[in-house]
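Colleague: Could you walk me through this model?

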Amino acid sequence: MNESKCPVPREQQPTNEFIELSKSNIFSWPKSKKSLILVLIKFWVFAFIIFLVISTGSIYFKTSLLKYILLSFFSSLSIPLLISIRLYIGWNHVFRRLTSERVEYEESGWYDGQVWIKPLFLKEKESLIASIEVKPILRNLIQIFSIISVLALSGILLFQYNNF
């Protein structure tokens, strides 16, 4: 953005927010679907091991090894689920700021919010960034979130309706 014409502070400009989010260690994971899946699998395996250790303290699950392992398997999915939700919230915020016709910003604090209407050339540029860069990331996050949710819900249904 042209600094002389734009009243929005540099760090609150949508394009700069996108660049900062892209450079972030955690929020750069979804830029490649393969790398995101690998990171989430690593977190899931680590959580599975921790949940296995926690479940060993239960007298109820000592009688059934299958329940013990399945409970740890499905409950450990909560960690990748929470990570994917957090990533989606961050990227969705940037997507909305990029596609919005207005930029809400604060000059010095939360009490003095202002609104700046983007000029046409900036709307087009940021809309292009949103559709080419951010939309595929959001699509990947929704797919991964859906897969994790289906697995977690199937685990809940398995424990709810099976007596094994």
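Colleague: To start with, is the crossing of H1 and H6 left-handed or right-handed?

Modeller: The H1/H6 crossing is left-handed (near helix turned anticlockwise from the far one by less than a right angle; right-handed if clockwise). Keep in mind that this is a predicted model, where local features need pLDDT of at least 70, side-chain atom pairs count only at pLDDT 80 or more, and totals for chains, interfaces and linings use all residues. Numbering starts at 1 along each chain as its sequence is written, and side-chain values use heavy atoms, without hydrogens and water.

Colleague: Fine. What angle do H1 and H6 cross at?

Modeller: Roughly 25°, with the axes coming within 10 Å (lines fitted to C-alpha atoms, angles from 0 to 180 degrees between N-to-C directions). H1 covers residues 14-23; helices are DSSP runs of H or I, at least four residues. H1 and H6 are therefore roughly parallel (under 35 degrees; over 145 is roughly antiparallel, 65 to 115 roughly perpendicular, the rest oblique).

Colleague: And which residues meet there?

Modeller: From H1, Pro14, Thr15 and Phe18. On the H6 side they meet Lys125, Glu126, Ile129, Glu133 and Val134, with contact meaning heavy atoms within 4.5 Å.

Colleague: Now H2. How do H2 and H6 pack?

Modeller: Their axes are 11 Å apart, at an angle of about 35°. This crossing is right-handed. H2 brings Lys33, Leu36, Ile37 and Leu40 to the contact, and H6 brings Asn140, Leu141, Gln143, Ile144 and Ile148.

Colleague: What about H2 and H4, how do their axes cross?

Modeller: At roughly 140°, and they come within 8 Å. H4 is residues 65-75. So H2 and H4 are oblique to each other, and H2 passes H4 in a right-handed crossing.

Colleague: Who touches whom in that pair?

Modeller: H2 offers Trp44, Phe48, Phe51, Leu52 and Ser55. Across from them, H4 has Tyr68, Ile69, Leu71, Ser72, Phe73 and Ser75.

Colleague: Different topic: which residues lie nearest the centre of the largest pocket?

Modeller: Ile37, Ile41, Ile144, Ile147 and Ile148, out of 13 lining residues. A pocket here is an open set of 1 Å grid points where a 1.4 Å probe fits, with protein on both sides within 12 Å along at least five of seven lines; lining residues have an atom within 4 Å of a point.

Colleague: Which helices supply at least two residues of that lining?

Modeller: H2 (33-55) and H6 (120-161). Ile37 and Ile144 of the pocket turn up again in the contact of H2 with H6.
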